[in-house]
Amino acid sequence: MKPTNAAAVLIADKLHLFRTSRSFVFAERISQLAGMRDRALLKEIAELDQMLADPNKLAVWAASNGNARLRDLLDELASSKIYLIARSSSQITNALKLQLAEPTAYSELALLLRRSLEPEPIPFWDDNLEMALRANPYLGTEQPSVDVIVPVYGTWAYLNTAIIALARTVEVTFNLILVDDKSPEPVPTWLEHIPGVTVLRREANGGFAEACNTGARHARAPKLLLLNMDVQVQPDTVQHLMNRLDSSVDIGIVGGKLCYPNGMLQEAGGLVDAGGVVANLGYQQDPWHPDFNFVRPVDYVSGALLMTRTELYHELGGLSTEFGSGYFEDTDLCMRVRQLGHRVLYEPRAQAMHAGGGSFSEENKATLMSQNSALFFRKWESELQLSPRLRSQRRSTRPRVLVVDSTVPVPNRDSGSTDTFMLIRALRELDVDVAMYPIESSELDGVGAQELQGLGVEVLYHPYVDSPASAIKCIEPVDCIFLLRYPAGGRHIDAFRQAAPRAKIIFLPVDLHYLRQSRGLSLGLLNISDKDVLDMRSRELGAAESADEVWVLGENEANVLHAELPNQKIRIVPFFRSPPTASAAVLSFDGRADIGFIGNFEHPPNVDAVSWFIETIWREILAEEPDLKLVIAGSNISRAPRDIWCQVDNVEVVGWVPSEYDFLKTKLLSIAPLRFGAGIKGKVASSLLVGTPCVGTRVAFEGMNLSDDQVVVADDPEETVAAVLGILRNRERWSQLSKHGFERSRALWSYSVGHERLRAILNEMKLLPATGVDGSEAR
């Protein structure tokens, strides 16, 4: 049976897109705070999505009750209180407008969905407030981590909602200080009896600054969180603010992402121009756009959600009371914090819904804004006009680079990810603005992306960026583009050149794919043809020739490319890691056990290496050392014949491990029996960096400048058996290899060494800024 109405099919398809979107994931989290109706709605969408995955079921469903239920469901969707539904609904509407052939159906649906774009009143909590407060085990401890100060002036509904949001989401030790600023609806007296809640009652209304300062005088925690009474914090928000504030001693204030009740962005930090005009970044825009989801310095953050150190707050005398009832006292505080040399940062993972103006009428708000704007400018006029720190544009004046790889790098997942992550980290620490585009990934990789965003990297992701041209448009102007690996960034070099003709393009093959393929083919280990290798060679060398420069990690790749492209600029650039400290890394022979192998098993050379070692070498070693164990670790273990390996005596497969260093530093030695491959091998470097001797093939050590007192080369089974047994039975030889390998690896690949080498290269290329991290004087 075929669907009788094409509109039902199209609408169902859009529901599926919504179900798989980032907006839906966020909505699921928000629904935990929004009430049973929203949770039930999302559950039904999820169930409907599963049912609609089957075309036959869809046909039957759409022909029977599909139209009616879809319309009801969309009606509920449009009127729900889920914060991002407005944006999602408008995307559905636009898609339908392009695809739907039935104008009448579209008009009815568009009218329905437009309702969702209207701001909704802040939802009222049905929960029992006292029960919610008493149920939070982190409230009312003797040594709180943060004191949350909430000035109270307005209706009880706002405060009730804000406190329940705190009680249900905060998982750090805290005390709550409510400052009743002669509110029309006073704070109920029963709240004073809740452990951890302090109620302070002012005899006269003094405004936001006076109320916050009153609360701060009663603070005992090392940190303060100023919170408006019409703000609902989301899960983990307070923890994210604390983590960011603790990440560096020069951070003075941290603020978060504030959204309106209809889901649109209210503020992602703010900027002040030379005329004293302030602007909220992202005002009325999509809160999930990449522009607003990375940590960065800003000129100010809103006092509606502002965390600072209690000691610093008191040092500055708190919020200035010269601004009266409200507006600009938070901007003024941020200016004074910056005057002391501290940074003001925006932390996007700290999210809250802010009704906005809950304590003021629109008329009072406009009057206060006008008066205090003039006062703020008079107070800061000289600095506003002289300091280049303040800027009206979103972009800083620092050099800006784009790093393009296949996916978002996760540093503990595989060596290639670590290479990309270390490059990005070093660029950020050298005061370069960085954007990262995972060109082959349609979804945002949460863990890796959050690490990068925490470093201040703008991660570009679908659906906002879906091509080289859209990536450049999102971040322009861009000074330099790093294209990693031919199958990822390298094959798009022409598109990036066209989109950014003035940018310098650097190709980083990481390892030469055609060289690895050629070696695997010659040994009969890859199911490819000579033509496949020649095609890869032509394309990879073509990308290298088209780039302004080619960066490689080892001498072998440099020599091959020099021979192939004698006129191209080729640099050997740092291969660096960030190992544990020396004291924590090196264990003696007696503190170790077993032989280890680590690698990414999505990489064919690693699968072949372990299989070859087990099949031809391991049993010979085990015959001599029956108590020895071979432990195999690494990501994507499902790509390997794990069950076959585990059938062999004394072989243990542990799969992914959180830290390659922690895994390797407890092993007597590591093995790298690679029969084909290319590039610098991360497994070798990681092993030596923790003092673990390594036995491997020439392929494993090529281009790494290692001598026979640092590693042991063994290319065939007999050599490998002899090498392993020789090291295990000669402690003096083991100690020599451990010591010399450790010292050599630190000199070659430690993060500090690589960082300085990269600095020298970027200085030579004139890609480093002459200013500090915020586009002003260097710190």
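**View 1. Aromatic pairs across the predicted model.** Let's start with the rings: a search of the whole structure, which is a predicted model, turns up ten aromatic pairs. One of them brings together Phe328 and Phe376 in a tilted arrangement, with 5.4 Å from centre to centre and 40° between the planes. This pair links distant parts of the chain, as the two residues are 48 residues apart. Phe328 sits in the loop between helix H11 (310–315) and helix H12 (329–339), while Phe376 belongs to helix H13 (residues 362–386). Are these two rings buried or exposed? Phe328 counts as buried because its relative accessibility is 6%, under the 20% cut-off. Phe376 is buried too, with a relative accessible area of 0%.

**View 2. Phe575 meets Trp749 edge-to-face.** Here the planes of Phe575 and Trp749 stand at 90° to each other, and the ring centres are 6.2 Å apart. Where in the chain do Phe575 and Trp749 come from? Phe575 lies in the loop between strand S19 (570–572) and helix H22 (582–585), and Trp749 lies in helix H29 (residues 731–749). That puts them 174 residues apart, so this is another pair described as linking distant parts of the chain. Both Phe575 and Trp749 are buried.

**View 3. Three rings in one cluster.** Look here for Phe597, Phe601 and Trp645, which form one aromatic cluster. Phe597 falls within strand S20 (595–598), a member of the sheet shown in View 5.

**View 4. Charged side chains over ring faces.** Which residue lies over the face of Trp288? Lys257 does, at 4.1 Å from the ring centre. In a second example, Arg425 lies over the face of Tyr751, at 3.9 Å from the ring centre.

**View 5. An open sheet of six strands.** Following the sheet from one side to the other, you meet the strands in the order S22-S21-S20-S23-S24-S25, with parallel pairing. Strand S22 (651–655) and strand S25 (712–713) stand at the edges; each has a single partner strand, so one side of each is left without a neighbour in the sheet.

**View 6. Inside the sheet, and the helix across it.** How many bridges join strand S23 to strand S24? Three bridges connect S23 (residues 669–672) with S24 (residues 694–696), and the two strands run parallel. Ser670 stands opposite Cys694 in S24. Helix H23 (residues 604–624) lies across strand S20, strand S21 (630–633), S22 and S23. The helix runs at about 170° to S21.

Note on methods:
Residues are numbered from 1 along each chain as its sequence is written. This is a predicted model: local features need pLDDT of at least 70, side-chain atom pairs count only at pLDDT 80 or more; totals for chains, interfaces and linings use all residues. Side-chain values use heavy atoms; hydrogens and water are left out. Two strands pair if DSSP finds at least two bridges between them. Helices (H or I, at least four residues) and strands (E, at least two) are DSSP runs, numbered from the N terminus. Contact means heavy atoms within 4.5 Å. Axes are lines fitted to C-alpha atoms, for helices over the stretch in contact, and angles run from 0 to 180 degrees between N-to-C directions. Rings of Phe, Tyr and Trp (its six-membered ring) pair if their centres lie within 6.5 Å; planes under 30 degrees apart count as stacked, over 60 as edge-to-face and the rest as tilted. Buried means under 20% relative accessible area, exposed over 50%, partly exposed in between (1.4 Å probe, protein chains only). A charge sits over a ring if NZ of Lys or CZ of Arg is within 6 Å of the ring centre and within 35 degrees of the ring normal.
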